[in-house]
Amino acid sequence: METIMTGIDILITPVFAITTEKFGGTKSLPVWLFLGLCTFPLLILATVKHEPIFALVSAIGADILTDIYGPGEQIFAKDILGKDFAAGYSYINSITYLVGAFAVPAVSLVYELSLNWNVVFILGIILLIIMLSVLFWGYHKVEYK
């Protein structure tokens, strides 16, 4: 999976950048989040069916998630904060790094307690749905100020 993610990153990252530049975060980020969400059913299928092909194909979607969590966060912050981006993004970045520092141990704990990767994947789905909700809420709030 790591090899596929690294290879596909060469293609997906420029496409992510082009689409967010051309259509803006308001239109492109929800689409990218939805595509990232499609990763988890494939990972669940891979564990249930024990088919490596599903895991390998889901690596493409996992790379989409790295773009969402990296540059996607910056695009969203720029769209929401506008001219206050420089001041506001430092706070967002601090919170993101703090949460990120506990992400791997938290995911490991969820797996240790459940001994089931599907529980981890369902947690990922829930978190992406929360992100999608925050995205819509944030853009809606800015548009109707």
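**Notebook: salt bridge, pocket, surface and backbone**

I searched the whole structure for salt bridges and found one. The model is a predicted one, and I keep that in mind for every entry below.

**Entry 1. The salt bridge**

I looked up the partners and recorded Lys-78 with Asp-79, their closest N and O atoms lying 3.3 Å apart. That separation satisfies the criterion, because a salt bridge requires a side-chain nitrogen of Lys or Arg within 4 Å of a carboxyl oxygen of Asp or Glu. I then asked how accessible each partner is. Lys-78 is partly exposed, since its relative accessibility is 46%. Asp-79 has a relative accessibility of 23% and is therefore also classed as partly exposed. The cut-off matters for Asp-79, because buried means under 20% relative accessible area.

I placed Asp-79 in helix 3. I also noted a contact in space for this residue: Asp-79 and Gly-25 are 54 residues apart in sequence, yet their C-alpha atoms are 7.0 Å apart.

**Entry 2. The largest pocket**

I next turned to the largest pocket and noted a volume of about 1600 Å³. Its lining comprises 43 residues, and those nearest the centre are Tyr-69, Thr-96, Val-99, Leu-127 and Met-131. I listed the elements that give two or more residues to this lining: helix 1 (2-37), helix 2 (39-49), helix 3 (52-81), helix 4 (85-114) and helix 5.

Which element supplies the largest share of the lining? I found that helix 5 does, with 14 residues. I also sorted the lining by class and obtained 32 nonpolar, seven polar and four charged residues.

**Entry 3. A nonpolar patch on the surface**

I examined the surface for nonpolar patches and recorded one formed by Ile-122, Ile-126, Leu-127, Ile-130, Val-134 and Trp-137. Together these residues have about 580 Å² of accessible area. Leu-127 is a member of this patch, and Leu-127 is also among the residues nearest the centre of the largest pocket.

I looked more closely at Trp-137, which sits in helix 5 (residues 117-143). Trp-137 counts as exposed because its relative accessibility is 56%, and the threshold for that class is over 50%.

**Entry 4. Positive phi outside glycine**

I checked the backbone for unusual signs of phi. Most residues other than glycine have a negative phi. His-50 is not a glycine, yet I read a positive phi of about 55 degrees for it. I located His-50 in the loop between helix 2 and helix 3. His-50 is exposed, because its relative accessible area is 65%.

I made a second entry of this kind for Leu-115, whose phi is positive at about 55 degrees although Leu-115 is not a glycine. Leu-115 belongs to the loop between helix 4 and helix 5. With a relative accessible area of 64%, Leu-115 is therefore exposed.

**Entry 5. Separation in sequence and in space**

I compared sequence separation with C-alpha distance for further pairs. How far apart in space are Glu-2 and Ala-59, which are 57 residues apart in sequence? I recorded 7.4 Å from C-alpha to C-alpha. Glu-2 is placed in helix 1. Glu-2 is exposed, because its relative accessible area is 58%.

I then took Val-142 with Met-5, a pair 137 residues apart in sequence and 34 Å apart in space, C-alpha to C-alpha. Val-142 is in helix 5, and with 31% relative accessibility Val-142 counts as partly exposed.

Lastly I took Leu-109 with Gly-88. These two are 21 residues apart in sequence, and their C-alpha atoms are 32 Å apart. Leu-109 lies in helix 4. Its relative accessibility is 45%, so Leu-109 counts as partly exposed.

How values were computed
Residues are numbered from 1 along each chain as its sequence is written. This is a predicted model: local features need pLDDT of at least 70, side-chain atom pairs count only at pLDDT 80 or more; totals for chains, interfaces and linings use all residues. Side-chain values use heavy atoms; hydrogens and water are left out. Patches are made of residues with over 30% relative accessible area and no salt bridge: like charges are joined within 9 Å, nonpolar side chains (Val, Leu, Ile, Met, Phe, Trp, Tyr) within 5 Å. Accessible areas come from the Shrake-Rupley method with a 1.4 Å probe; for residues, only the protein chains shown count as cover. Helices (H or I, at least four residues) and strands (E, at least two) are DSSP runs, numbered from the N terminus. Buried means under 20% relative accessible area, exposed over 50%, partly exposed in between (1.4 Å probe, protein chains only). On a 1 Å grid over the protein atoms alone, a cavity is a set of points where a 1.4 Å probe fits but cannot get out, and a pocket is an open set with protein on both sides within 12 Å along at least five of seven lines; lining residues have an atom within 4 Å of a point. Grid points are joined across faces, edges and corners, and a volume is the space filled by probe spheres set on the points. Ala, Val, Leu, Ile, Met, Phe, Trp, Tyr, Cys and Pro count as nonpolar, Asp, Glu, Lys and Arg as charged, and the others, Gly among them, as polar.
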